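Me: I'm new to this one, so could you walk me through it and tell me how the labels are earned?

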Amino acid sequence: MKQHPPKTLSTHPQDSSRRRFLLGASAAPIAGTLALSLSSGKARATVKTSAHIVIAGSGLAGLAIANRLARDLDGARITIVDRKEMHNYQPGYTLVATGIWPVDKVVDRNIDLQPGGVDWVREMVAEFDPIGNAVITDTGKRIAYDYLVVATGVHLDYAQIEGMDVNRIGQDGMASVYYSHTAAEASWQAMETFRQKGGEALMTLPATALKCAGAPLKMTFMLDDRLRQVGTRAGSSINFHSALGNVFSVPRINDEVLSRWAALQIPVHFNSKLAAIDLGSRRATFVSPEGERTEQSYDFIHVVPPMRAPDAVRNSPLPWQEGGFAAGGWLEVDRQTLRHRRFPNVFGLGDINGTPRGKTAATVKKSAPLVAQNLVDVIAGREPSQQFDGYTSCPLLLREGSALLIEFDYDGKLTPSLPMIDPLQESYFAWLMKYRLLKPAYLAVAKGRV
Amino acid sequence: MYEIWLALNILFELGLMYLPTLILLGAVWAALMAVAIVRGQAAWCAARRPAIVIGIVVTGVMILLTPSLTLSSLGELKYWVDWANLAAIAGGFGALAAALTLPLAATLKRAS
C-alpha cells in the first residue's frame, strides 16, 4: 500500500502561489515540446541479461541507478533494499533551515521516484557478504545477487559529540541542518528566535568527510544575513570553529570564504573540534589536536555531526583497509570507474564512496550515468568504459538573493560547466539555480534522465 | 551537449510542477484562438502590433519583478550572466503574453 508522507506545516509564507504561477508560466512555451523529446530517450539500446542486481539504498544515488538500469537492461531483476517511504530533497535542507523554503518542498514519496518493475524490499541492509554475493537485511533475510550497487549514504555520527541529543534540535538555541527535514525546519525556528535578540553564535565543522560540505558555510553566511535583516548583527558575534586547518577543501574557495568572513567579522578558530555540548546551560566544549579543552557559552549553535560509513558497510569486507578512507569505513572503489577494487561485481555510488571530496547530489548527477554504463559493460562481459573525474558542485549561499556557483573535481580544480560562469563571482543566477532550478534537475537525475 | 539536455530536463520538471497552471494557460490560449478562428475574418496582421507591444511591456515588467519574486533584487545582478538569464526569463513571460494577446487582439480588431 502506498503511504503518504506526513504533512508538515510551513513556517515561511514567502513562496506564494503567485510566484509559483508566474514562474511556472515561463515554462509554458517549451514544456509541450519537451515532453515529446524526453519520451524519445526510452528508445536507447538495451542489454539482455537475467542478472539479479541489488541496490542497497534508495536515496538519490539508489534511485538514479535503479531508473537507469531498469531502462538499459532487458530482463534483469533489480531489487532495491531500503525501508524509507519518504524521499527527502536534502540539498534543500539549507533553504528550509534558513527560512527560505517551506519544509514541504523537500518531501516527496520514494515510490513516485522508483522505476516500475523493480522489487522493493522495505528493510535495511544489516550485513554485506560480498564473498557470498549476498546481503542480509535487518530482519535476517538473505538476498543473493549477481551484482551489487552500494548506495547507502552516510551515517551521521552525533554520538561522537558528548551530550548531543538530536531530539532537541530547534530547542535551546541548538540547530543542526543535516539530521532530517524536520530538524532543518526546527533549525530555522531556532535561528529565527535567536536573530530577534541576537547574541553569541557558534558554528561548527567536524574533521571527517562531509556530505554537502558547503552546508556549514551556507548556514554561517545566512545567519549573518538574517541577523543583519532585523538589525541585530551589530550586537551579535558569530564564531566559526573548524576541526580542520581550513573550512573548505578547495583552496581557492577556502580563501574566498575566509576573505568574505573577515569582511563580515566572522572569526574562524581552526583545529577546534566540538567535543561536547551541554544543551541545558548552552555551553559547548571544543578540543584542540593537543587535547586542550575550551568551554564556550552560546545563544545559538549550529552542530555539524561527524560522518562515517553506516555500520553495515563499515563492518563488512567492503571498506578501504588502509589509507585515509579506512577510518571512516568508506567503500573501497576505484575513483575513476567507481567499481569496487576487490569485488568486481560491486559498484559504489554517492556519499558512501571512499573518493576525494564529492559527497553531493551533483556528484551523483555526474557519476550515476557512468556507473550505470560501467555496470552494463561488466554485465555484457566488457571492461568498464567510463571514467569519473570527481565532478561536484556547491551553490554556496552568501545571503538571501545571492550565491556562488562552485564546481570542482577530485583534484580541487574549478570546473565550471559553462565557460562564462565565474565560480568566484557572486550572482543572482547562482541564487536562482539554488532557489528554483536545482530541485527540478535533482528530480531528473533521480528519474535517470540526466 | 549535456548542459542543454540538463536545461531541457529542468524545464520539463518545472512544467510538471506547474502542470495545472500550464493546462489552464493552454486552455485559455486555445479558447481565444478558437473564438478568433470560428468567428472568422480575424485581423491577424493588425493584431501583431498590440501583441508585440504587450509582449515587450510584460518583458520589461518581469525584468523588474522577477528578482523580487525569487527573493532577490535587481541590486544582486552583478554580471552579464545574471542579466542574460533574467532577460531570458522575462522574455518567456513576454512571449506568453504576446501569444495570449494575439488571438484576443485579432478578434477585437475584427469586431471593431
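Reply: Sure. The domain assignment splits chain A into domain 1 (17–23 + 44–154 + 309–389) and domain 2 (158–306). Keep in mind that this is a predicted model.

Me: How many residues from domain 1 and domain 2 of chain A go into the contact?

Reply: Domain 1 of chain A gives 17 residues and domain 2 of chain A gives 20 residues. Residues count as touching when their C-beta atoms lie within 7 Å. The centres of the two domains of chain A, taken over C-alpha atoms, are 30 Å apart.

Me: What makes up the side of domain 1 of chain A that touches domain 2 of chain A?

Reply: By class, that side has 8 nonpolar, 6 polar and 3 charged residues. Helix α4 (residues 93–97) of chain A gives the most to it, with 4 residues.

Me: Why is T360(A) called buried?

Reply: The cut-off is 20 or more other C-beta atoms within 10 Å. T360(A) has 24 C-beta neighbours inside 10 Å, so it counts as buried. You'll find T360(A) in the loop between β22 (346–348) and α10 (361–379) of chain A. Leaving out residues up to four places away in sequence, T360(A) touches K211(A), C212(A), T392(A), S393(A) and C394(A).

Me: What about R357(A), buried or exposed?

Reply: R357(A) has 20 other C-beta atoms within 10 Å, and therefore it is buried. The cut-off is 20 or more. R357(A) also sits in the loop between β22 and α10 of chain A.

Me: What makes the phi of R357(A) worth pointing out?

Reply: Most residues other than glycine have a negative phi. R357(A) is not a glycine, yet its phi is positive, about 70 degrees. L338(A) is another residue other than glycine with a positive phi, near 60 degrees.

Me: Where is L338(A), and why is it called buried?

Reply: L338(A) lies in the loop between α9 (311–314) and β22 of chain A. With 26 C-beta neighbours inside 10 Å, L338(A) passes the test, so buried is the right word.

Me: How do you know that β11 of chain A pairs with β2 of chain A?

Reply: Pairing needs at least two bridges between the strands. Strand β2 (residues 52–56) of chain A is joined to β11(A) by 4 bridges, and the two run parallel. I53(A) has Y147(A) as its bridge partner in β11(A). β11(A) also pairs with β22(A), again in the parallel sense, over 3 bridges. There, V149(A) is partnered by F347(A) in β22(A).

Me: Which way do the residues of β11 of chain A point?

Reply: In a regular strand, side chains alternate between the two faces of the sheet. Strand β11 (residues 147–150) of chain A has Y147(A) and V149(A) pointing one way and L148(A) and V150(A) the other, and all are buried.

Me: What makes β13 and β16 of chain A edge strands?

Reply: Each of them pairs on one side only. They belong to an open sheet of 5 strands in chain A, with parallel pairing and the order β13-β20-β14-β15-β16. Inside that order, strand β14 (residues 200–205) and strand β20 (residues 300–302) of chain A pair over 3 bridges, with L202(A) opposite I301(A).

Me: How do β17 and β18 of chain A pair?

Reply: Strand β17 (residues 273–278) and strand β18 (residues 283–287) of chain A are antiparallel, over 5 bridges. K273(A) has V287(A) as its bridge partner. Their hairpin has 4 residues between the strands, and R282(A) in this hairpin takes a positive phi near 55 degrees.

Me: Now chain B: where does helix α3 of chain B bend?

Reply: Helix α3 (residues 44–69) of chain B bends by about 35 degrees at I63(B), and the proline P67(B) follows within four residues. The buried residues of α3(B) include A47(B), A51(B), G55(B) and V58(B). After the helix comes L71(B), with a positive phi near 60 degrees.

Me: What does UniProt list for chain B?

Reply: An unreviewed UniProt entry annotates "transmembrane region" at residues 15–38, 50–71 and 83–106 of chain B. In the model, residues 15–38 of chain B are 96% helix and 0% strand, with end C-alpha atoms 30 Å apart. For residues 50–71 of chain B, the values are 91% helix, 0% strand and 32 Å.

Technical notes: Residues are numbered from 1 along each chain as its sequence is written. Chains are lettered from A and ligands numbered from 1 in the order in which they are written. This is a predicted model: local features need pLDDT of at least 70, side-chain atom pairs count only at pLDDT 80 or more; totals for chains, interfaces and linings use all residues. The bend at a residue is the angle between axes fitted to the seven residues ending there and the seven starting there. A residue is buried if 20 or more other C-beta atoms lie within 10 Å of its own, exposed if 12 or fewer, and partly exposed in between; C-beta atoms are placed from the backbone. Domain bounds come from an automatic or database domain assignment. Two residues are in contact if their C-beta atoms, placed from the backbone, lie within 7 Å. Ala, Val, Leu, Ile, Met, Phe, Trp, Tyr, Cys and Pro count as nonpolar, Asp, Glu, Lys and Arg as charged, and the others, Gly among them, as polar. UniProt positions are given in the numbering used here, feature names are shortened, and annotations may be inferred rather than shown by experiment.
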